[in-house]
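Student: Could you take me through a close look at the aromatic rings in this one, and then at the cysteines?

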Amino acid sequence: MSEASLTTVTDATFAELVLRETRPVVVDFWATWCPPCRPLARTLAELATEFGDRIVIATIDADANPEAVRTYRVLSMPTLLFFRNGVVTGSIVGARPKSYLRNALEDRTAPYANR
């Protein structure tokens with residue numbers, strides 16, 4: 001397992017790598033002091049491999065990138081924000097099992113539908 005399958009985002013690259021992306025994007029806001037953040041990152045890396053090009057799974061260090069944290073009002077770590085066409089479409093706060101995350105990603109990669 002390699003976390004290299006995750007896209008690293010910063011305040012400087014957020015617009016380019018997240019907001020302008022045409023595919024769905026999940027951004028993992030994490031911090032080094034956050035105990036559940038590291039295992040969640042490993043799980044997301046595994047899921048990134050499974051989902052391939054259908055979705056972008058990105059990670060951003062909340063402590064080093066305060067602008068994105070303020071803009072999206074991230075108050076807890078870890079927080080996952082789901083983007084589609086530059087708009088936040090959902091969030092998950094806290095660590096979740098891999099099966100839960102897989103289902104959430106499946107929902108986000110499905111074509112638009114009335115739900």
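Tutor: Sure, rings come before cysteines here. This is a predicted model, in which local features need pLDDT of at least 70, side-chain atom pairs count only at pLDDT 80 or more, and totals for chains, interfaces and linings use all residues. Residues are numbered from 1 along each chain as its sequence is written, and side-chain values use heavy atoms, with hydrogens and water left out.

Searching the whole structure turns up three aromatic pairs (ring centres of Phe, Tyr or the six-membered ring of Trp within 6.5 Å; planes under 30 degrees apart are stacked, over 60 edge-to-face, the rest tilted). One of them is Y72 with F83, an edge-to-face pair at 5.3 Å centre to centre and 85° between the planes. That pair links distant parts of the chain, eleven residues apart: Y72 lies in the loop between α3 (66–71) and β4 (79–84), and F83 in strand β4 (helices, H or I, of at least four residues and strands, E, of at least two are DSSP runs, numbered from the N terminus). F83 is buried at 2% relative accessible area, while Y72 is partly exposed at 23% (buried is under 20%, exposed over 50%, partly exposed in between, with a 1.4 Å probe and protein chains only). F14 joins Y72 and F83 in one aromatic cluster.

Now the cysteines: the whole structure has one disulfide (a pair of cysteine sulfur atoms within 2.5 Å). It joins C34 to C37, S to S 2.2 Å, and is right-handed, with 85° about the S-S bond. C34 counts as buried at 6% relative accessibility, and C37 does too at 3%.
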